[in-house]
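The following exercises concern one protein structure. Each sets a task and then works through a solution step by step.

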Amino acid sequence: MTTPPGWHPDPGHTGPGPAPERWWDGSAWTAHTRFPAGLPPQVTPPPERPSRGPLVAAVIAAAVVVTALVAGTLLLLGEPGGAGDRARPGSGTGADKNPGGDPTDDGTPDGTPEDSEDAPPDGGGPGTAVDRANGISVPVPEGWSQARTDTGIWLSSGSYPCPGDPSLGCVRGGVSVRPADPGAGTDPGAVAEADIARNAEESYDAKAYGGVTGHEVVSSGEVTVAGQRGHRIRWRIDNRLEPDAYVESVVFPAPDGGGRLLVMRLGFDIHADAPVPAEMDRVVAGVRAADGPGMEV
């Protein structure tokens, strides 16, 4: 059976005050309403308040975007062996496939100044990131940003959408410093040999660049960093998605004499907008010992 036509309490009433009556035509509610007998004429249902849902949703969405950007940035550098370890150089088309940096006869890349006059003074200075946790200062290339991490420091050029996933931020050049894994050993050469492949795969991972498809050893040999004898290895890697890149792992004892090994990872796109490989040499040559507790970036 169906309800006969007539006035009935409005089933859609949600505001304060008495509910008005709405006309039921026997099959559906109509737009006609009235107030029950006995109510004063001035009593009317209050207008509904506008929903705050879209505003809240917009605020939440903005917070999610900011969180994603921060997370993306932190992913550029994290613990050794994790996805956050990326130097995160990025995409490009029409890249110069070999913009310098060929090894010399002694296996050292061209332009490697062991003792550069332009290197920052001990303890830091303008254009220098001081990593007191690891006891070193590192020169910061012009226009780069610098940040601290849980285990060291992170330097990078400007960010842009990654070729494999535009929602991720890649950079044309990045440098990170952190302690070597405790179980990696004490030989800088062996640790560098073990790290370079991880450096390539994590700095230019499959999600951002389609994965590394091949590499060429550009240079490998001893190097002095912050007065310590270490080892550096540079690869030129081919990525499934352009650009290709240079990656370098530099391993050297911490200058505090505690016996720890430090790992410096560098990754530069091969692209017109990327820093030239000689910038890697200047960064490594400019590392100095820095004393004192804590960290300054």
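**Exercise 1. Pairing around E13**

Through how many residues does a hairpin join E12 to E13? Determine also how E13 is paired with its neighbours and how far it is covered.

Solution. The model is a predicted one.
- Step 1. The hairpin that leads from E12 into E13 has 5 residues.
- Step 2. Strand E12 (residues 228-239) and E13 run antiparallel and are joined by 7 bridges. One pair within this ladder consists of His231 and its bridge partner in E13, Val251.
- Step 3. E13 also pairs with E14, again in the antiparallel sense, and here there are 9 bridges. Val250 has Met264 of E14 as its bridge partner.
- Step 4. Of the 9 residues of E13, 8 are buried, and the strand is thus mostly covered.

**Exercise 2. The open sheet**

Establish the strand order of the open sheet that contains E5, and identify its edges.

Solution.
- Step 1. The sheet has 3 strands, in the order E4-E5-E15, with antiparallel pairing.
- Step 2. Strand E4 (128-131) and strand E15 (288-289) each pair on one side only, which makes them the edge strands.
- Step 3. Between strand E5 (residues 136-139) and E15 there are 2 bridges. Across this pairing, Ile136 stands opposite Ala289.
- Step 4. As background, strands of a sheet pair through backbone hydrogen bonds, in either a parallel or an antiparallel manner.

**Exercise 3. The nonpolar cores**

Which residues have the most contacts inside the largest nonpolar core, and which elements contribute to that core?

Solution.
- Step 1. The largest nonpolar core comprises 26 residues, and those with the most contacts inside it are Val138, Val175, Val250, Met264 and Leu266.
- Step 2. Two or more residues each are given by E5, strand E7 (153-156), strand E10 (173-179), strand E11 (212-225), strand E13 (245-253), strand E14 (261-269) and helix H4 (278-285).
- Step 3. E14 supplies the largest share, with 4 residues.
- Step 4. A second core, separate from this one, has 20 residues, including Val191, Tyr204, Trp235 and Val263.
- Step 5. Val175 can be examined individually. Beyond its neighbours within four places in sequence, Val175 is in contact with Trp144, Ile153, Trp154, Leu155, Met264, Arg265, Leu266, Phe268 and Val283.
- Step 6. In general, nonpolar side chains of soluble globular proteins tend to be buried together.

**Exercise 4. Enclosure of H4**

Why is H4 described as largely enclosed by the rest of the structure?

Solution.
- Step 1. The description holds because 6 of the 8 residues of H4 are buried.
- Step 2. These buried residues are Glu279, Met280, Asp281, Val283, Val284 and Ala285.

**Exercise 5. The disulfide**

Locate the disulfide, and decide whether its two cysteines are buried or exposed.

Solution.
- Step 1. The count of disulfides is 1. The link is formed by Cys162 and Cys170, whose sulfur atoms lie 1.9 Å apart, and a distance within 2.5 Å meets the criterion.
- Step 2. The angle about the S-S bond is 105 degrees, and the link of Cys162 and Cys170 is right-handed.
- Step 3. The cut-off for a buried residue is under 20% relative accessible area. Cys162, at 2%, is therefore buried. Cys170, at 0%, likewise counts as buried.
- Step 4. Cys170 lies in strand E9 (residues 169-171). The C-alpha atoms of Cys170 and Gly158 are 8.3 Å apart, with a separation of 12 residues in sequence.

**Exercise 6. Overall composition and confidence**

Summarise the protein as a whole, and state where the confidence of the prediction is below 50.

Solution.
- Step 1. There are 4 helices and 15 strands in the protein, and 44% of its 297 residues are buried.
- Step 2. Of the contacts between residues at least 6 apart in sequence, 58% join residues at least 24 apart.
- Step 3. The accessible surface amounts to about 14900 Å², and carbon and sulfur atoms account for 56% of this area.
- Step 4. The average pLDDT is 74, and 66% of the residues score at least 70.
- Step 5. Residues 40-125 have a pLDDT under 50, and the model has 161 contacts beyond four places in sequence for this stretch. Residues 292-297 also have a pLDDT below 50, with 20 contacts in the model beyond near neighbours in sequence.

Notes: Residues numbered from 1 in each chain as written. Predicted model: local features only at pLDDT ≥ 70, side-chain atom pairs only at ≥ 80, totals over all residues. Heavy atoms only, no water. Buried < 20%, exposed > 50% of the residue type's maximum accessible area, 1.4 Å probe, protein only. Contact = heavy atoms within 4.5 Å. Areas by Shrake-Rupley, 256 points an atom, 1.4 Å probe, with all protein chains shown as cover. Pairing = 2+ DSSP bridges. pLDDT = per-residue confidence, 0-100. Core = buried A, V, L, I, M, F, W, Y, C linked by side-chain atoms within 4.5 Å.
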